[in-house]
Amino acid sequence: MAAMLVKGSMSKFLALVIVAMMVIQLIRPLGWPGLKRRSDFWKLAVLAMAAISLTAALGHWT
(Lines give C-alpha, C1' and ligand atoms only; values in the text may rest on other atoms or scores of the structure.)
Protein backbone atom coordinates (compact mmCIF):
# COMPACT_ATOMS: atom_id res chain seq x y z
CA MET A 1 0.00 0.00 0.00
CA ALA A 2 2.79 2.42 0.90
CA ALA A 3 4.60 1.69 -2.39
CA MET A 4 1.48 2.63 -4.35
CA LEU A 5 1.21 5.88 -2.41
CA VAL A 6 4.80 6.78 -3.23
CA LYS A 7 4.33 5.98 -6.94
CA GLY A 8 1.18 8.09 -7.16
CA SER A 9 2.73 11.00 -5.30
CA MET A 10 5.85 10.90 -7.49
CA SER A 11 3.85 11.39 -10.69
CA LYS A 12 1.85 14.18 -9.04
CA PHE A 13 5.05 15.85 -7.83
CA LEU A 14 6.58 15.54 -11.30
CA ALA A 15 3.47 17.11 -12.83
CA LEU A 16 3.54 20.01 -10.37
CA VAL A 17 7.23 20.70 -11.00
CA ILE A 18 6.77 20.78 -14.78
CA VAL A 19 3.63 22.94 -14.55
CA ALA A 20 5.59 25.37 -12.35
CA MET A 21 8.37 25.44 -14.98
CA MET A 22 5.76 26.19 -17.67
CA VAL A 23 4.39 29.13 -15.67
CA ILE A 24 7.90 30.48 -15.11
CA GLN A 25 8.62 30.07 -18.84
CA LEU A 26 5.53 32.15 -19.68
CA ILE A 27 6.51 34.91 -17.26
CA ARG A 28 10.24 34.99 -17.95
CA PRO A 29 11.96 32.55 -20.34
CA LEU A 30 14.32 30.11 -18.64
CA GLY A 31 17.03 30.66 -21.26
CA TRP A 32 17.90 26.98 -21.49
CA PRO A 33 18.73 25.56 -24.94
CA GLY A 34 15.44 25.29 -26.80
CA LEU A 35 13.61 27.44 -24.24
CA LYS A 36 14.68 30.93 -25.26
CA ARG A 37 11.22 32.40 -26.03
CA ARG A 38 8.02 32.55 -24.03
CA SER A 39 6.19 30.67 -26.76
CA ASP A 40 8.44 27.62 -26.18
CA PHE A 41 6.44 26.57 -23.10
CA TRP A 42 4.69 23.92 -25.20
CA LYS A 43 7.96 21.97 -25.25
CA LEU A 44 7.68 21.62 -21.49
CA ALA A 45 4.14 20.27 -21.93
CA VAL A 46 5.44 17.58 -24.30
CA LEU A 47 8.19 16.75 -21.79
CA ALA A 48 5.57 16.51 -19.02
CA MET A 49 3.38 14.12 -20.99
CA ALA A 50 6.36 11.90 -21.82
CA ALA A 51 7.67 11.88 -18.24
CA ILE A 52 4.28 11.14 -16.68
CA SER A 53 3.60 8.41 -19.24
CA LEU A 54 6.97 6.83 -18.48
CA THR A 55 6.31 7.04 -14.73
CA ALA A 56 2.88 5.43 -15.15
CA ALA A 57 4.25 2.68 -17.39
CA LEU A 58 7.03 1.86 -14.95
CA GLY A 59 4.52 1.86 -12.10
CA HIS A 60 2.35 -0.73 -13.84
CA TRP A 61 5.25 -3.02 -14.64
CA THR A 62 6.60 -3.23 -11.10
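A salt bridge here is a side-chain nitrogen of Lys or Arg lying within 4 Å of a carboxyl oxygen of Asp or Glu. In this predicted model, Asp40 meets that criterion with Lys43, since the closest N and O atoms of the pair are 3.8 Å apart. By this rule the count comes to 2 salt bridges, and the points below begin with these, then turn to the polar contacts of Gln25 and to the two helices.

**Salt bridges around Asp40**

- Asp40 is placed in the loop that runs between helix 1 and helix 2, and with a relative accessibility of 5% this residue counts as buried.
- Besides its pairing with Lys43 at 3.8 Å, Asp40 forms a salt bridge with the side chain of Arg37, for which the N to O distance is 3.5 Å.
- Through these pairings Arg37, Asp40 and Lys43 are joined in a network of salt bridges; as general background, side chains of opposite charge can pair when their charged atoms come close.
- The partners of the buried Asp40 are assigned to other accessibility classes, for Arg37 is exposed with a relative accessible area of 54%, while Lys43 counts as partly exposed at 34%.
- The side chain of Asp40 also has a backbone neighbour, in that one of its polar atoms lies 3.4 Å from the backbone nitrogen of Lys36.

**Polar contacts of Gln25**

- Gln25 belongs to helix 1 and is buried, its relative accessible area being 0%.
- The side chain of Gln25 reaches the backbone nitrogen of Leu30 at a distance of 3.0 Å, and a polar atom of the Gln25 side chain lies 2.6 Å from the backbone oxygen of Arg37.
- Arg37 therefore appears twice in this account, once through its backbone oxygen, which lies 2.6 Å from the side chain of Gln25, and once through its side chain, which meets Asp40 in a salt bridge.

**Nonpolar patch with Val23**

- Val19, Val23 and Ile27 together make a nonpolar surface patch of about 270 Å².
- Of these residues, Val23 lies in helix 1, which spans residues 2–27, and at 43% relative accessibility Val23 counts as partly exposed, a value that is over the 30% relative accessible area asked of a patch residue.
- In general, an α-helix has 3.6 residues a turn, so residues three or four places apart point the same way.

**Helix 2 and its faces**

- Helix 2 covers residues 41–61, 21 residues in number, and reaches 31 Å from its first C-alpha to its last, which is close to the 30 Å expected at 1.5 Å a residue.
- The buried residues of helix 2 are Leu44, Ala48 and Ala51; seen down the helix axis, the buried residues fall within an arc of 75°, so they line one face of helix 2.
- On the other side of helix 2, the exposed residues are Met49, Leu54, His60 and Trp61.
- Ile52 is also placed in helix 2, where it is partly exposed with a relative accessible area of 30%.
- Which distances separate Ile52 and Lys12, in sequence and in space? The two are 40 residues apart in sequence, and their C-alpha atoms are 8.6 Å apart in space.

Technical notes
Residues are numbered from 1 along each chain as its sequence is written. This is a predicted model: local features need pLDDT of at least 70, side-chain atom pairs count only at pLDDT 80 or more; totals for chains, interfaces and linings use all residues. Side-chain values use heavy atoms; hydrogens and water are left out. Patches are made of residues with over 30% relative accessible area and no salt bridge: like charges are joined within 9 Å, nonpolar side chains (Val, Leu, Ile, Met, Phe, Trp, Tyr) within 5 Å. Accessible areas come from the Shrake-Rupley method with a 1.4 Å probe; for residues, only the protein chains shown count as cover. Helices (H or I, at least four residues) and strands (E, at least two) are DSSP runs, numbered from the N terminus. Buried means under 20% relative accessible area, exposed over 50%, partly exposed in between (1.4 Å probe, protein chains only). The expected span of a helix is 1.5 Å times one less than its number of residues. The arc is that of the directions from the helix axis to the C-beta atoms. A polar contact is a pair of N or O atoms within 3.5 Å; within protein, one must be able to donate a hydrogen and the other to accept it, and residues adjacent in sequence count only if both atoms are side-chain atoms.
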